Amino acid sequence: MQIIYSLIVFLSIFAIALSSTSKTLDHTVGECLSKLATDEITISYNYLQLASKFGTNKAYPGFSSLFTKLSDEFSSKGHELVKFIALRKANVDRLITKDGISIRSGLTGVNEIGVGLTEAVNQNDVVYKQIRNCHERADDVKEANVQDYLESHLLDHHIEVTKLLSDIQQRIRDAQPSEQQLIMFMIDEELLQTYGDRRKDIFA
C-alpha cells in the first residue's frame, strides 16, 4: 500500500512538472533568455580570441589552453540554452538576438595577461548579471522551471569562472613588481599541466 501511495505521489509531481514545461514560455522571459543565449555564445568567441592572442603573441600556452577550455564550456552552455528555449516554445522572434555576436572592443588591443584577465572577468560579470535578470523575470511570472534551469546550468558555472580568474589575478597582484613576470610564467606552467596544450585546437 505504501508503495502504491508513493507511486501516486511521484506521478502527480511528474505530471505537474510536465505541465509546467509544456506551456508556452512567457514572452518577456523568452526575450531575456534569447539575449542570454547570445551572451553565452558571444563570451565563448571572446574567450577564444584571448586564447588565440596568448597562444601566439606572448607564447603563454597555459593561459591559451585555459581560455580555450572556458570557450568550449560557454559555447556548450549557450547551445544548450538555445535548445531549452526552443523546447519551451518561447514566444520570441529569434533564438539569437538580431545584433548577433561580436568581439568586445576591449579585447582587440589586449596583449598583456593582466589586462586580458580583467576583460575576461568583466565580461563574465556582464553575463552573470543577465542570468540574474532572467531569474528575476522568471520569478515574476512564476516560471520555476526556468529558475531551476538557470540555477543548475548557468549560475554556479559563472560564479566558479569568476573565482578562478580572480584568484589568478590576485596571485599576480600580490607579487612584487619585479617578480610578476616570473609569477605569470609559473601560473602559465601550472595551467599547462592542468589543461594540456590546447593551442592545436585553434591552429590545427
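**Surface and overall make-up**

I began with the surface of the protein chain, which exposes about 11,300 Å², with carbon and sulfur atoms supplying 55% of that area. I note at the outset that this is a predicted model, and I read each value below with that in mind.

I then looked up burial, and found that 40% of the 204 residues of the protein chain count as buried. Turning to the secondary structure, I recorded eight helices and zero strands, so that I can write the order of elements from the N terminus as α-α-α-α-α-α-α-α. For the contacts between residues at least 6 apart in sequence, I noted that 81% join residues at least 24 apart.

**Helices α6 and α7**

How do α6 and α7 lie to each other? I found that helix α6, residues 144–174, packs with helix α7, residues 180–195, at an angle of about 150°, and that their axes are 9 Å apart. The two helices are therefore roughly antiparallel to each other, because an angle over 145 degrees counts as such.

I listed the residues that meet in this pair: from α6 they are Leu-164, Ile-168, Arg-171, Ile-172 and Arg-173, and from α7 they are Gln-180, Ile-183, Met-184, Ile-187, Glu-190, Leu-191 and Tyr-195. Sorted by class, this contact of α6 with α7 has eight nonpolar residues, one polar residue and three charged residues.

**Two histidines**

Is His-158 buried or exposed? I located His-158 in helix α6, and I entered it as buried, because its relative accessible area is 1% and the cut-off for buried is under 20%. Its side chain is joined to the side chain of Asn-124 by a polar contact of 2.6 Å. Leaving aside residues up to four places away in sequence, I found that His-158 touches Glu-40, Phe-74, Asn-124, Val-127, Tyr-128 and Ile-131.

I looked next at His-79, which is found in helix α3, residues 61–87. His-79 counts as partly exposed, because its relative accessibility is 44%, and the range for that class lies between 20% and 50%. The side chain of His-79 reaches the backbone oxygen of Ser-75 at 2.8 Å. I also noted that His-79 and Ala-37, though 42 residues apart in sequence, are 7.3 Å apart in space from C-alpha to C-alpha.

**Residues in the loops**

Where is Thr-97 placed? I found Thr-97 in the loop between α3 and α4, and with a relative accessible area of 22% I entered it as partly exposed. Thr-97 touches Ser-34, Lys-35 and Thr-38, not counting residues up to four places away in sequence. Thr-97 and Cys-32 are 65 residues apart in sequence, while their C-alpha atoms are 9.8 Å apart in space.

The loop between α3 and α4, the latter being residues 105–108, also holds Lys-89. I checked the backbone of Lys-89 and found a positive phi of about 55°, although Lys-89 is not a glycine.

I made a similar entry for Lys-142, which has a positive phi of about 60° and is likewise not a glycine. Lys-142 is found in the loop between α5, residues 113–140, and α6. At 66% relative accessibility I recorded Lys-142 as exposed, because the cut-off for that class is over 50%.

Technical notes. Residues numbered from 1 in each chain as written. Predicted model: local features only at pLDDT ≥ 70, side-chain atom pairs only at ≥ 80, totals over all residues. Heavy atoms only, no water. Helix = DSSP H or I, 4+ residues; strand = E, 2+ residues; numbered from the N terminus. Buried < 20%, exposed > 50% of the residue type's maximum accessible area, 1.4 Å probe, protein only. Contact = heavy atoms within 4.5 Å. Areas by Shrake-Rupley, 256 points an atom, 1.4 Å probe, with all protein chains shown as cover. Axes fitted to C-alpha atoms, helices over the stretch in contact; angles between N-to-C directions. Parallel < 35°, antiparallel > 145°, perpendicular 65-115°, else oblique. Nonpolar A, V, L, I, M, F, W, Y, C, P; charged D, E, K, R; others polar. Polar contact = N/O pair within 3.5 Å; in protein donor to acceptor, adjacent residues only side chain to side chain.
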